[in-house]
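This report describes a ligand site and a strand arrangement. The sequence and structure are shown first, followed by a short account of each.

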Amino acid sequence: MTLSIDTTVSLHETVAMPLLGLGVFQTEEGEEVENAVRWALDAGYRHIDTASLYRNERGVGRSVATAGIPRDEVFITTKVWNTEQGYESTKQSLRASLNRLGMDYVDLFLIHWPNDELTHDTWRAMEELQADGLTRAIGVSNFLQPHLEHLLAAASVTPSVNQVEFHPHNQEWDLVDFCRQHGIEYEAWSPLKRGRILSDETLADIAAAHAVTVAQVIIRWLLQEGVIVIPKSINRHRIAVNADVYGFELSGDETATIRSLDRRERIGPTPGSFF
Ligand code: NDP
């Protein structure tokens with residue numbers, strides 16, 4: 001398959017989700033997030049990843065609304081935060097997010113972190129929110145296999161996505177395989193390890209061979225692996241560079257080399273130890 005910025009994955013064969021998106025964690029509400037989203041849309045992105053936790057949904061919504069792009073051509077993800085989990089509060093959380101976004105629906109609504117005690121109530125609310133058309137797809141984030149098994153035991157709808165920390169220094173292919181066996185798409189957060197992987201010498205050698213940057217190599221690698229990827233930047237040039245990954249291709253050897261860099265080193269909290 002030839003990859004392009006328009007490449008999508010199909011969530012449960014009904015909803016098309018762009019493989020590349022812009023992450024807006026630690027992007028300030030107001031001008032900062034509005035600019036980042038506008039520059040991303042200008043560069044061809046059609047997928048924005050926010051969360052109630054990020055406190056920038058108003059700016060995301062304003063930027064999308066004024067971009068001159070039909071709402072149904074932009075894929076919006078938001079998430080229910082830990083303190084909002086539970087049946088009624090999850091419903092309130094999405095309604096509040098939609099209010100801030102100024103939208104009638106989001107494309108994907110995720111449980112931000114697992115909490116086995118609340119997962120079944122939270123998920124039942126999410127299934128109903130999807131049935132009511134307030135979100136087109138529902139999924140999870142930071143779920144390891146035991147969290148997924150716990151959810152699946154009571155779920156009517158299988159999650160369409162699991163968004164987890166994933167980059168060359170933290171690869172969890174066993175979890176990817178489990179997700180794929182269940183038709184759950186895998187999505188990488190902190191794909192650039194928040195900048196703390198960009199001086200990796202092996203990646204720098206691969207980047208030099210293609211006359212691109214390490215960030216571009218990582219993003220291209222994830223796309224070739226079929227993993228959804230949402231790099232964050234507030235810098236216009238870096239937003240464009242991160243989407244300029246369709247003019248080169250990594251070889252099988254290069255892909256294998258990147259896979260060999262795994263050292264299970266996280267930049268964020270370990271799922272299950274955080275809530
Ligand atoms: P990333 O791995 O995307 O790294 C972002 C950092 O890298 C920023 O400091 C950015 O700086 C810098 N950067 C971006 N592009 C480049 C480039 N081309 N060259 C050099 N530096 C660059 O980290 P995030 O943690 O933000 O993860 C991405 C997204 O994943 C988040 O924004 C969020 O949407 C999601 N996420 C989800 C989580 C979850 O629990 N579900 C947890 C964490 C993140 P600058 O902005 O100055 O360009």
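## Ligand surroundings

In this predicted model, 28 residues surround the ligand, and those that come nearest are Asp49, Ser190, Arg194, Ser233 and Arg238. Sorted by class, the shell comprises 12 nonpolar, 10 polar and six charged residues. As for location, the ligand occupies the largest pocket.

## Polar contacts and burial

Two side chains approach nitrogen atoms of the ligand. For Ser141, an N or O atom of the side chain lies 2.8 Å from a ligand nitrogen. For Asn242, a polar side-chain atom is likewise 2.8 Å from a nitrogen atom of the ligand. The backbone also takes part: an N or O atom of the Ile234 main chain is 2.9 Å from a ligand oxygen. The ligand taken alone exposes 910 Å², of which the protein buries 86%.

## Sheet architecture

Eight strands form an open sheet, in the order E3-E4-E5-E6-E7-E8-E9-E10 and with parallel pairing. Its edges are strand E3, at residues 22–23, and strand E10, at residues 228–229, each of which pairs on one side only.

At the E3 edge, the neighbouring strand is E4, which covers residues 47–49. E3 and E4 run parallel and are joined by two bridges. Within this pair, Leu22 stands opposite Ile48 of E4. Asp49, which belongs to the residue range of E4, is also among the residues that come nearest to the ligand.

Technical notes
Residues numbered from 1 in each chain as written. Predicted model: local features only at pLDDT ≥ 70, side-chain atom pairs only at ≥ 80, totals over all residues. Heavy atoms only, no water. Near = heavy atom within 4 Å. Polar contact = N/O pair within 3.5 Å; in protein donor to acceptor, adjacent residues only side chain to side chain. Areas by Shrake-Rupley, 256 points an atom, 1.4 Å probe, with all protein chains shown as cover. 1 Å grid on protein atoms, 1.4 Å probe; cavity = no way out; pocket = protein on both sides within 12 Å on 5 of 7 lines; lining within 4 Å. Sits in = over half its atoms within 2 Å of the grid points. Nonpolar A, V, L, I, M, F, W, Y, C, P; charged D, E, K, R; others polar. Pairing = 2+ DSSP bridges. Helix = DSSP H or I, 4+ residues; strand = E, 2+ residues; numbered from the N terminus.
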